[in-house]
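Biologist: I am new to this structure and would like a close look at a single part of it. Please take one helix, then work outward to its surroundings.

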Protein chains: 2
Amino acid sequence: MAEKQRITLAAIAAEAGVSLATMSKVLNGRTDVAPATRARLEEHLARHGYTRRKVSQRSEFVELVFHELESSWSMEVIEGVEDVAHAAGLSVVLTVSGDRHSPDPHWIDGVLRRRPAGVVLVFSEISGPQREKLHSRGVPFVIVDPAGDPSPDVPSVGSANWTGGLMATRHLIELGHHRIAAITGPEDMMCSLARIDGYRSAMNAAGLDIDPEWIRFGDFHPGGGERHARELLAMPDPPTAIFAGSDLQALGAIAAATDAGLRVPDDLSVVGYDDIALARWMSPQLTTIHQPLRRMGEEATRLVLRLAEGASVDTLRMDLATHLVVRGSTAPPPVG
Amino acid sequence: MAEKQRITLAAIAAEAGVSLATMSKVLNGRTDVAPATRARLEEHLARHGYTRRKVSQRSEFVELVFHELESSWSMEVIEGVEDVAHAAGLSVVLTVSGDRHSPDPHWIDGVLRRRPAGVVLVFSEISGPQREKLHSRGVPFVIVDPAGDPSPDVPSVGSANWTGGLMATRHLIELGHHRIAAITGPEDMMCSLARIDGYRSAMNAAGLDIDPEWIRFGDFHPGGGERHARELLAMPDPPTAIFAGSDLQALGAIAAATDAGLRVPDDLSVVGYDDIALARWMSPQLTTIHQPLRRMGEEATRLVLRLAEGASVDTLRMDLATHLVVRGSTAPPPVG
């Protein structure tokens, strides 16, 4: 094998009939080479046993960027990233910066100085110029649960949001609910839209009408859940069940119900989303959609490290499965 | 002022009648110089306007080390550290490593390579050899809520645990409770012991006996709270109130009470500890001792950066105040 390594990258490029620049892009895990071309060139590299220098010789960091830290949710992602990075001998540089659209402009300078193996962005996008700079240095990035609708060449790890919305709503319908409201996240986030679409599909499939007032976009915090639930419960013909966009929103909805003198699940059913570690310790224990947050962090880190090594990556978008966890916050609707 | 800076450190040392090595130690924020000597030498430095090179020229990291990440608790500390580091133009390297006694042995090699401005350890100690290595490189460290009983020259930030235990117990006594149990953390942690001592003092001051069975050492997780509470509630003459060592343990205790057919707070009062962000969103809302976790992270980072700059530090141990937050999980004991 040592002998095989002696061939130059230029020679392999010549053999494959592409420029050294293109071959170098593929080697460095860049995503601006057409997938078919990349696959072909990777075969050439593999045949010659040509690999990029190991990550550990090149960098000792993985960059992890949040635009905000939200207690239970973020921690599980951090654990996943830290675990995989640690196993690869890398340290995690944690940054809380910017907004959903990109980290703040100074962040990129630090990244270019530190030359990380890769960047994992959570719930955020990355601006065009930032992306260019990372590309030109051969620093790959992966987005966990992208906020917007990233172009197909942006590597990302998410979960099955549409299916989650569908399963949550179906569970409520099977319990006998007809008037089901949905509180979700911001309207400009893919995951919010996908969950609401899952909710709509379940309602439509069951032949149930949706009052437009029942669909609420908000944030993922308890306060927003409480506010929307209070408004929903004050309607003349209030819903008997609420599908919340996060476990925290579900807590807010339960607080609003308690304030209104309603018991959960006897008078109102509530389904959460995420299945944070505390969900089973709530009273009532939360029925929720399990989102594999820790695994999303792990997979994003594995993907970025594979890209950093110039390894072949079959797919740049990975959606992990979600599933329904039935606990104590859902029940058949009150009679009458 | 520019002129004043021209004097050499050796000249200041000579003027103060100490070796250059000692003066250098003080400048580098090392803690192995007697406090009185350090204070005197810092006056000399200050008079000449002599300061160490700025942190930003020297390092771009603060190291943050946890031995385990626990969702709600850790996140608030991380936010505090990140906020102060970010404002100082530094990035946070997050490591989850080792146990309560020290990070794992490889961790120190990475730290020495990265040459951080300082190290913030959470809920952990640091081994003798690791401490020596940090000292010899002039890398200061600060411990947040030390697990054991650190020697007085170890800089640390904690909170008023004894007072917290006293206030929680007094609140229950004022509500009319006589049979009050306490579930706390591991027996080898200062904070656990201090809280239990506060509990004892409140009970003694009120002339109330303590059944030794009522005092439980465990972990700070919900499962431990549930297990201990189940045992307490199964006693022939069970307590009417439980003071838990963390909000998570309190959730576990409430779950055990619910399982036993008891209502909180009507049949059993529960006081938590920490006041995590979710405490007010629980049902019932948790009565708890507010521990300023975010501020503990902030102060620890400020302290380590002051030490890194060689600034004068009046005290190496800082305990932030705790206070009682009365919500819905406590009430007078059931009649009879």
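Modeller: What follows starts at one helix of chain A and moves out from there. Keep in mind that this is a predicted model.

Start with helix 6 of chain A, residues 107–114. Is this helix mostly covered or mostly open? It is mostly covered: six of its eight residues are buried. Those six are Trp107(A), Ile108(A), Gly110(A), Val111(A), Leu112(A) and Arg114(A). Buried here means under 20% relative accessible area.

What covers these residues? The cover includes parts of both chains. From chain A come strand 1 (61–66), strand 2 (91–96), strand 3 (118–122) and helix 7 (128–136). From chain B come strand 1 (61–66) and strand 2 (91–96).

Look next at what flanks the helix. Pro105(A) sits in the loop between strand 2 and helix 6 of chain A. Pro105(A) is exposed, because its relative accessibility is 61%. On the other side, just after helix 6 of chain A, comes Arg115(A). Arg115(A) takes a positive phi of about 45°.

Chain B has already entered the picture, so how do the two chains relate? A turn of 180° and a shift of 0.1 Å along the axis lay chain B on chain A, with an RMSD of 0.2 Å. The two copies are therefore related as by a two-fold rotation axis. The same surface serves both: 100% of the contact residues of chain B recur in chain A. Which residue of chain B comes closest to the rotation axis? That is Val93(B), with its C-alpha at 2.1 Å.

Now go from Pro105(A) to His171(A). They are 66 residues apart in sequence and 44 Å apart in space, C-alpha to C-alpha. His171(A) belongs to helix 8 of chain A, residues 161–174. Its relative accessible area is 9%, so His171(A) is buried. The side chain of His171(A) makes a polar contact with the side chain of Thr330(A), at 2.9 Å. Leaving aside neighbours within four places in sequence, His171(A) is in contact with Val271(A), Thr287(A), Leu324(A), Val326(A) and Thr330(A).

One of those partners is Val271(A). Strand 9 of chain A spans 269–274. Asp274(A) lies in this strand. Asp274(A) is not a glycine, yet its phi is positive, about 120°. Asp274(A) counts as buried because its relative accessibility is 5%. In chain B, Asp274(B) is in strand 9 as well. Its phi is near 120°, again positive in a residue other than glycine. Asp274(B) is buried too, at 4% relative accessibility.

Step back along the chain from strand 9. The loop between helix 11 (247–259) and strand 9 of chain A holds Pro265(A). A cis peptide bond joins Val264(A) to Pro265(A), with omega about 10°. In chain B, the bond from Val264(B) to Pro265(B) is also cis, with omega near 10°. Pro265(B) is placed in the loop between helix 11 and strand 9 of chain B.

Finish with a pair of helices in chain B. Two packed helices are described by the angle between their axes and the distance between the axes. Helix 2 (residues 20–27) and helix 3 (residues 35–47) of chain B pack at about 85°, with their axes 10 Å apart. That angle makes the two helices roughly perpendicular. Helix 2 of chain B brings Thr22(B), Met23(B), Val26(B) and Leu27(B) to the contact. They meet Arg38(B), Leu41(B), Glu42(B), His44(B) and Leu45(B) in helix 3 of chain B. How do the residues of this contact divide by type? Five are nonpolar, two polar and two charged.

Chain A offers a view from one residue of its helix 3. Leu45(A) is found in helix 3 of chain A, residues 35–47. Leu45(A) counts as buried, because its relative accessibility is 4%. Not counting residues up to four places away in sequence, Leu45(A) touches Leu9(A), Ile12(A), Met23(A), Val26(A), Leu27(A) and Tyr50(A). For a sense of scale, Leu45(A) and Arg294(A) are 33 Å apart in space, C-alpha to C-alpha. In sequence, these two are 249 residues apart.

Conventions. Residues are numbered from 1 along each chain as its sequence is written. Chains are lettered from A and ligands numbered from 1 in the order in which they are written. This is a predicted model: local features need pLDDT of at least 70, side-chain atom pairs count only at pLDDT 80 or more; totals for chains, interfaces and linings use all residues. Side-chain values use heavy atoms; hydrogens and water are left out. Copies are superposed by least squares on the C-alpha atoms of residues with pLDDT of at least 70 in both. Contact means heavy atoms within 4.5 Å. Helices (H or I, at least four residues) and strands (E, at least two) are DSSP runs, numbered from the N terminus. Buried means under 20% relative accessible area, exposed over 50%, partly exposed in between (1.4 Å probe, protein chains only). Axes are lines fitted to C-alpha atoms, for helices over the stretch in contact, and angles run from 0 to 180 degrees between N-to-C directions. Angles under 35 degrees count as roughly parallel, over 145 as roughly antiparallel, 65 to 115 as roughly perpendicular and the rest as oblique. Ala, Val, Leu, Ile, Met, Phe, Trp, Tyr, Cys and Pro count as nonpolar, Asp, Glu, Lys and Arg as charged, and the others, Gly among them, as polar. A polar contact is a pair of N or O atoms within 3.5 Å; within protein, one must be able to donate a hydrogen and the other to accept it, and residues adjacent in sequence count only if both atoms are side-chain atoms.
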